[in-house]
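Hi,

Here is the structure I promised to pass on. Have a look at it first, and then read my notes underneath.

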Amino acid sequence: MPMMRNSAWLPTVFNDLFDASYMPKASCTAPAINVKETDKGYTVELAAPGMKKEDFNVHINDEGNLIIKMEQKQEHKDEDKNARYLRREFSYSKFEQTLILPDDVDKNKISAKVEHGVLTVELPKQEETKAKVARQIAIG
């Protein structure tokens, strides 16, 4: 008697087992970053809607690179007295970006601000000091 093999049931079992469409998916996107250059300096803009200035850490490391860190934790509690349960929702966002600064950035004058959900870091260029090269040349 020939054995009839029907493996069509196998994929559906695994599809049902591993199908997580009913589970919420985590958002794993990094914030958008814009970098602009003008004659006077560079501007770095990082989109961070809902973030406050306390959620950011901007510093220069030992190697002279600009480090932008962003971290936000939220906890919401809703109590339903009729059902007698406590529901908690946690939200956690963390991001870190290292930017190698150009040599012409004046690292002592870097400033940052958060406004309307955008972190703006101003990187002014060093003022060029044009040394006068006038001198007497001796004739030998």
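Below is what turned up on the nonpolar core and on the charged side chains.

Before anything else: this is a predicted model.

Let's start inside. The largest nonpolar core has 16 residues, and among those with the most contacts inside it are Leu 46, Phe 56, Ile 68, Met 70 and Val 121. Strands S2 (41–47), S4 (66–80), S5 (85–99) and S7 (118–124) each supply at least two residues of this core. If you want one residue to click on, try Met 70: leaving aside residues up to four places away in sequence, Met 70 touches Pro 31, Leu 46, Ala 48, Met 51, Asp 55, Phe 56, Ser 93, Lys 94 and Phe 95.

Now the charges. The count comes to three salt bridges:

- Glu 37 and Lys 125, with the closest N and O atoms 2.8 Å apart. Glu 37 lies in strand S1 (residues 33–37) and Lys 125 in the segment after S7, so this pair ties together parts that are 88 residues apart in sequence.
- Glu 45 and Lys 36, at 3.5 Å from N to O. Glu 45 is partly exposed at 22% relative accessible area, and Lys 36 is partly exposed at 44%.
- Lys 109 and Asp 106, at 3.9 Å from N to O. Asp 106 counts as buried, with 14% relative accessibility.

Lys 125 deserves a second look. Its charged end also sits over the ring of Tyr 42, 5.1 Å from the ring centre. Other residues that Lys 125 touches include Thr 38, Asp 39, Asp 104 and Asp 106.

As for aromatic pairs, the count is zero.

Cheers

Definitions and conventions: Residues numbered from 1 in each chain as written. Predicted model: local features only at pLDDT ≥ 70, side-chain atom pairs only at ≥ 80, totals over all residues. Heavy atoms only, no water. Phe/Tyr/Trp six-rings, centres within 6.5 Å; stacked < 30°, edge-to-face > 60°. Lys NZ or Arg CZ within 6 Å of the ring centre and 35° of its normal. Core = buried A, V, L, I, M, F, W, Y, C linked by side-chain atoms within 4.5 Å. Buried < 20%, exposed > 50% of the residue type's maximum accessible area, 1.4 Å probe, protein only. Helix = DSSP H or I, 4+ residues; strand = E, 2+ residues; numbered from the N terminus. Contact = heavy atoms within 4.5 Å. Salt bridge = Lys/Arg side-chain N within 4 Å of Asp/Glu carboxyl O.
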